[in-house]
Amino acid sequence: MAFAIFGFILVAPLVMILVGMALSGPKYRGPLSDHFDGRKFINPENIKAKGGLEVLKWMVTRKRGPWKENLTENYGKHPLAHFKDGIRITFVNHATFLIQVDGLNILTDPVWSRRVSPFRWIGPKRMRLPGIRFGDLPTIHTVILSHNHYDHLDLETMRVVFGAHHPKIIAPLGLKAFLQQHYISAVSEADWWEELALDSGLKIQAVPAQHFSGRGFLDRDATLWCGYVLKTSRGNIYFAGDTGYNEVTFKEIPLRCGPIRISMLPIGAYKPAWFMSPIHTSPEESIRIHRDVGSQTSIAMHFGTFPLADDGHDDPLNDLRLGLEKFQMTADEFLVMREGEFRVFE
């Protein structure tokens, strides 16, 4: 028995290392820049995500807030096939939105899977159903991906989206090779501040975010992460993706991409602050982003779906409410939408 336990202790780390190596994606190869050193990508002002020892400290000292699974079917209304009379935004949940504008249907970071993990039996589990049944989606013309983490680039969902709709896919530098490995094509890559043309005259500009990337042990920061600004006939829409707070970056976005009419900003996975703050914003920090970019209206995202950090299910919304009171803002300026709820901006 003791021999078996000793053998497991020796073998288990080796298995984990081999699995981590196998999960790693291709590394970007391209010209050097102020945020790419030839081997890895770098955050603005060289802000770094926490490393291995800090991860271990967090895992040992975690104090998780409460979550309660609720998978009752309460889907939103069937989306319209097309929408041209303004901007129609439906919150699916987490960082997934259906944006309908200028006749295009655009999905952000689509995730319909049960878990956000390389495995179906372990990893962060969905606590709320998506707000739209996958089969109810209208024809999807474009998918935008902010980075390659499992809760934002869900391969299972991407395969189904690509097979059903064959959309144009916009992704940060380095993700084209990874997606093509999995038979997903029509991918256009963008660097920070690079602008690409979509259909119907729309343009999309990749903007910096403060985060990191990686799907395994060997591809940490080997592909880019970003947010996007959609430039539409009805106003500019900012999708922040995953990011920590960086005042310099967020004040530069409106100078290059403004004015911003609508922003989708993350408010969850921010506790404990000592560990999460380089890569995720607290609700109060997201309010600061709203103010920095000069957004007319912002919409909360990245909360209430997957327990990724130590904040409980209700913490982001409670802290957002306190932040709005602190900055003397109304709930109409920073919206919280239910799964499946949509808003029209004329």
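In this predicted model, the largest cavity comes out at about 80 Å³. Counting enclosed spaces of 30 Å³ or more gives one cavity. Its lining is made up of 14 residues, and Trp67, Ala269, His302, Phe303 and Phe306 sit closest to the centre. Sorted by class, the residues around the largest cavity are eight nonpolar, five polar and one charged.

Then there is the open space. The largest pocket has a volume of about 1,700 Å³, and 46 residues line it. Val55, Trp58, Pro124, Tyr150 and Phe212 are the ones that lie nearest the centre of this pocket. As for where the lining comes from, helix 1 (2-23), helix 2 (52-61) and helix 6 (273-276) are the elements that each give two or more residues. Helix 2 takes the largest share, with five residues. The mix of classes around the largest pocket is 24 nonpolar, 13 polar and nine charged residues.

On to helix 7, which spans residues 283-293. Its buried residues are Pro283, Ser286, Ile287, Ile289, His290, Asp292 and Val293. Some of the spacing along a helix can be read from simple geometry: an α-helix has 3.6 residues a turn, so positions three or four apart point the same way. Quite a few elements help cover the buried residues of helix 7. Among the strands, the cover includes strand 10 (235-239), strand 11 (260-266), strand 12 (297-301) and strand 13 (334-335). Helix 5 (247-257) and helix 8 (315-326) also contribute to this cover. Just past the end of helix 7, glycine 294 adopts a positive phi of about 70°.

The pairing of helix 5 with helix 7 can be described in more detail. The two helices pack at an angle of about 35°, and their axes are 7 Å apart. The crossing of helix 5 past helix 7 is right-handed. On the helix 5 side, the contact is made by Glu247, Phe250, Lys251, Ile253 and Pro254. Helix 7 brings Ile289, Asp292 and Val293 to the contact, and these three also appear among the buried residues of helix 7. Taken together, the residues where helix 5 meets helix 7 split into five nonpolar and three charged, with no polar ones.

Definitions and conventions. Residues are numbered from 1 along each chain as its sequence is written. This is a predicted model: local features need pLDDT of at least 70, side-chain atom pairs count only at pLDDT 80 or more; totals for chains, interfaces and linings use all residues. Side-chain values use heavy atoms; hydrogens and water are left out. On a 1 Å grid over the protein atoms alone, a cavity is a set of points where a 1.4 Å probe fits but cannot get out, and a pocket is an open set with protein on both sides within 12 Å along at least five of seven lines; lining residues have an atom within 4 Å of a point. Grid points are joined across faces, edges and corners, and a volume is the space filled by probe spheres set on the points. Ala, Val, Leu, Ile, Met, Phe, Trp, Tyr, Cys and Pro count as nonpolar, Asp, Glu, Lys and Arg as charged, and the others, Gly among them, as polar. Buried means under 20% relative accessible area, exposed over 50%, partly exposed in between (1.4 Å probe, protein chains only). Helices (H or I, at least four residues) and strands (E, at least two) are DSSP runs, numbered from the N terminus. Contact means heavy atoms within 4.5 Å. Axes are lines fitted to C-alpha atoms, for helices over the stretch in contact, and angles run from 0 to 180 degrees between N-to-C directions. A crossing is left-handed if the near helix is turned anticlockwise from the far one by less than a right angle, and right-handed if clockwise.
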